[in-house]
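Colleague: Could you take me through this structure step by step? I would like to begin with the contacts and then turn to the strands.

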Amino acid sequence: MTHQTVQHGTATMEKRLSASLTRVFAAWADPEQRKAWNSPSAEIDMRIDAADFSVGGEDVTTCLAGGEAIAIVRGRYHDIVPDKRIVYTEIIASMEATEGACLVSAEFLPDGEGTRLVMTLQTVALDGSALLEEAQAGWGSALIRLEELLQAG
Amino acid sequence: MANYSASDSATLDRAFHALGDATRRGVIAQLSLGEASIAELAEPYDMALPSFLQHVRVLEKAGLVSSRKEGRVRHCRLEAARLAELKSWITQYQQAWAARLDRLDTFLNATDPKKDT
């Protein structure tokens, strides 16, 4: 595995939510609500170090596994239109290196009484991401991780 | 390693679907130890052969397993590059987002003020 990795990916995903636009938007805007659902995995707790939901504002979140810091996520808001869209960048770093960055576009569309959430993720994986892949030595652990992902999904 | 772009997200979905079954994950785990024939792969499972072959076909369609025939025996092998792609950082990041959106839905339903629970 090379340490000179720059990989790009673009993905869109949609989610139909039965909650209203206002409630869905609030779940993103309010750091206390965001903390309840925004962890990347059920085993990881989020500690909010800074939260500034405004254009140009910064969020700093530390990911904790068993009380130990494993990653820091820095978010910067670029565009906020209440009940319509949020565009921000997210920089994900482990304790050793920056793993990757993502331009996240979240669009909130009315769908009957509920909401259709359209996500576009424009991602770049950097050198640090190779450390993470290397850390998963062997197929065994990769499969276990995959299984966790599938169960989480 | 191939880049994951939106155009092949269907391929990615197929691969994750293929892995969303205990029998098929078992086949992958067994093939990670080396090539095996269909008969060897099917042995641990209490399943009719046609049903088992269906599972192998799903794995083949997802590009996770390939097979070749030698005489009357079909040998399967793991497509390790495909599996490696699935554990790439970008794929994991995107999968984490899919899981987040599910949790967002759960959270919103649990805190719905219109519900008495």
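**Contacts, strands and helices**

Modeller: Among contacts in chain B between residues at least 6 apart in sequence, 58% join residues at least 24 apart. Please keep in mind that this is a predicted model.

Colleague: Which helices and strands does chain B have, and how many of each?

Modeller: Chain B contains six helices and three strands. Following the sequence, the pattern reads α-α-β-α-α-β-β-α-α.

Colleague: And what share of the residues in chain B is buried?

Modeller: Of the 117 residues in chain B, 31% are buried.

Colleague: Back to the strands of chain B. How many bridges link β2(B) and β3(B)?

Modeller: Six bridges link β2(B), residues 65-70, with β3(B), and the two strands pair in the antiparallel sense. Within β3(B), Leu78(B) is the residue opposite Val65(B).

Colleague: What lies between those two strands?

Modeller: β2(B) and β3(B) form a hairpin with two residues between the strands. In this hairpin, Gly71(B) adopts a positive phi near 60°.

Colleague: Where does β1(B) fit in, and how many bridges does it share with β3(B)?

Modeller: β1(B), residues 36-37, pairs with β3(B), residues 73-78, over two bridges, again in the antiparallel sense. Ser37(B) has His75(B) in β3(B) as its bridge partner.

Colleague: What actually holds paired strands together?

Modeller: Strands of a sheet pair through backbone hydrogen bonds, and the pairing can be parallel or antiparallel.

Colleague: Let us change to chain A. What is the order of the strands in its sheet?

Modeller: Chain A has an open sheet of seven strands in the order β1-β7-β6-β5-β4-β3-β2, with antiparallel pairing. At the edges are β1(A), residues 7-17, and β2(A), residues 44-50, each of which pairs on one side only. On average, neighbouring strands of this sheet are turned by 20° against each other, direction ignored.

Colleague: Which strand does β2(A) pair with, and over how many bridges?

Modeller: β2(A) is joined by six bridges to β3(A), residues 58-65, and the two run antiparallel. Met46(A) stands opposite Cys63(A) of β3(A).

Colleague: Which strands does helix α1(A) lie across?

Modeller: Helix α1(A), residues 21-29, lies across β1, β5, β6 and β7 of chain A. The helix runs at about 165° to β6(A).

Colleague: And which strands of chain A does helix α6(B) lie across?

Modeller: Helix α6(B), residues 89-110, lies across β1, β6 and β7 of chain A. Relative to β1(A), helix α6(B) runs at about 15°.

Definitions and conventions:
Residues numbered from 1 in each chain as written. Chains lettered and ligands numbered in written order. Predicted model: local features only at pLDDT ≥ 70, side-chain atom pairs only at ≥ 80, totals over all residues. Pairing = 2+ DSSP bridges. Helix = DSSP H or I, 4+ residues; strand = E, 2+ residues; numbered from the N terminus. Buried ≥ 20, exposed ≤ 12 C-beta atoms within 10 Å, placed from the backbone. Contact = placed C-beta atoms within 7 Å. Axes fitted to C-alpha atoms, helices over the stretch in contact; angles between N-to-C directions.
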